[in-house]
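Me: Please take a close look at one part of this model, the aromatic side chains and what surrounds them, and then set that part in the context of the whole chain. I would like the cut-offs stated wherever a term depends on them.

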Amino acid sequence: QIVLRPGRRPATVKIFDRYISSQYLAALGSCTGILVVLYVVIDLFTKLEEFLEVKQGMLAFVFQYYAYRVPQFLLHLAPVLTLIAAMLLVVKLVRQNELVPMIASGTSVHRLLLPVLVVSCLVAVGMAALEEYGLPEIEQRVRETKDVLAGDEQRDNLILRDDANQVVVVRRYDPGAKVMKNVVVLQTGDAVTITGEGLKPA
């Protein structure tokens with residue numbers, strides 16, 4: 001039980017901040033872990049036959065496959081996860097009769113939930129940094145793993161973007177031979193067509 005004395009309220013507020021922050025992080029971690037496990041399990045059973053066709057290093061490939069897709073998954077669901085975690089935190093505080101004593105100590109509800117807002121903003125900044133700096137590389141790796149699962153099956157009408165921010169249109173791509181055919185590179189203001197039987201990507 002916390003006994004408030006004159007001049008001790010700021011210390012009490014800090015205790016509340018640490019407690020609510022830890023509880024919110026625990027709820028956020030639990031929600032994230034559960035959804036990631038469900039996503040991986042469901043997607044794994046859906047693509048199990050395709051994974052079994054991988055000739056070498058199947059387990060390593062499966063790990064790599066989901067290591068690149070989980071960040072994409074979290075990037076799309078981060079706002080929903082923070083909201084669900086905040087709701088679970090409030091429900092837990094109410095069920096355990098912790099919220100009313102905190103408010104009775106003189107701390108408003110808005111001040112109590114300030115750590116939730118701070119942590120959510122940090123998560124948003126992290127997701128923005130991931131989207132800005134990590135997502136292009138992740139998307140490239142995701143395309144490579146898709147090509148491995150596709151095997152020798154040719155793919156038509158691919159639209160890619162290179163490091164120079166140019167749009168590359170590939171009419172046909174052979175993953176087995178790693179050859180692109182009928183490639184069109186769209187530059188700013190004009191288009192350059194690369195002709196020939198095939199072009200091997202760098």
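Reply: A residue is called buried here under 20% relative accessible area, exposed over 50% and partly exposed in between, with a 1.4 Å probe and protein chains only. By that rule Asp17 is buried, since its relative accessible area is 19%. The model is a predicted one, in which local features need pLDDT of at least 70 and side-chain atom pairs count only at pLDDT 80 or more, while totals for chains, interfaces and linings use all residues. Residues are numbered from 1 along each chain as its sequence is written, and side-chain values use heavy atoms, with hydrogens and water left out.

The setting comes first. The protein chain has 6 helices and 4 strands (DSSP runs numbered from the N terminus, H or I of at least four residues for helices and E of at least two for strands), and from the N terminus these elements run α-α-α-α-α-α-β-β-β-β. Of its 202 residues, 29% count as buried.

The aromatic part involves 7 aromatic pairs in the structure as a whole, a pair being rings of Phe, Tyr and Trp (its six-membered ring) with centres within 6.5 Å, counted as stacked if the planes are under 30 degrees apart, edge-to-face if over 60 and tilted for the rest. Tyr39 and Tyr66 make one edge-to-face pair, with 6.3 Å from centre to centre and 85° between the planes, and this pair links distant parts of the chain, given that Tyr39 belongs to helix α1 and Tyr66 to helix α3, 27 residues apart. The two partners differ in accessibility class: Tyr39 counts as partly exposed because its relative accessibility is 22%, whereas Tyr66 is buried at 6%. Tyr66 also pairs with Tyr65, and because their ring centres are 5.0 Å apart with planes at 80°, this pair too is edge-to-face. Tyr65 is itself buried, with a relative accessible area of 3%. Taken together, ring pairs join Tyr39, Phe51, Phe61, Tyr65, Tyr66 and Phe73 into a cluster.

A charged group and a polar residue also meet this part. The charged end of Arg69 sits over the ring of Tyr65 at 3.5 Å from its centre (the criterion being NZ of Lys or CZ of Arg within 6 Å of the ring centre and within 35 degrees of the ring normal). Thr145, placed in helix α6, residues 114-150, is in contact (heavy atoms within 4.5 Å) with Phe61, Tyr65, Tyr68 and Arg69, leaving out residues up to four places away in sequence. Thr145 counts as buried because its relative accessibility is 3%, and its side chain reaches the backbone oxygen of Val142 at 2.7 Å.

Turning to the nonpolar cores, a core is a set of buried Ala, Val, Leu, Ile, Met, Phe, Trp, Tyr and Cys residues joined through side-chain atoms within 4.5 Å. The largest holds 15 residues, of which Ile20, Tyr24, Ala85, Leu89, Met102, Leu112 and Val116 touch the most other members. Helices α1 (9-46), α3 (58-95), α4 (99-104) and α6 each supply at least two residues of this core, and the largest share, 6 residues, comes from α1. Apart from this core lies another of 7 residues, among them Phe51, Val54, Tyr65 and Leu149. Tyr65 therefore appears in three descriptions: it is buried at 3%, it is in the ring cluster, and it is a member of the 7-residue core.

Back in helix α1, where Asp17 is found, the contacts of Asp17 beyond four places in sequence are with Arg111 and Pro115. Pro115 is also among the contacts of Ile20, together with Leu89, Met102, Leu112 and Val116, again not counting residues up to four places away.

How far should the coordinates be trusted? Mean pLDDT (the predictor's confidence in each residue, from 0 to 100) is 80 for the protein chain, and 78% of the residues score at least 70. Among the elements, α3 has the highest mean, 91, and strand β4 (residues 190-194) the lowest, 48. Two stretches stay under 50: residues 1-8, with 4 contacts beyond four places in sequence, and residues 191-199, with 18 such contacts. Where pLDDT is low, predicted coordinates should not be read in detail.

Notes
A polar contact is a pair of N or O atoms within 3.5 Å; within protein, one must be able to donate a hydrogen and the other to accept it, and residues adjacent in sequence count only if both atoms are side-chain atoms.
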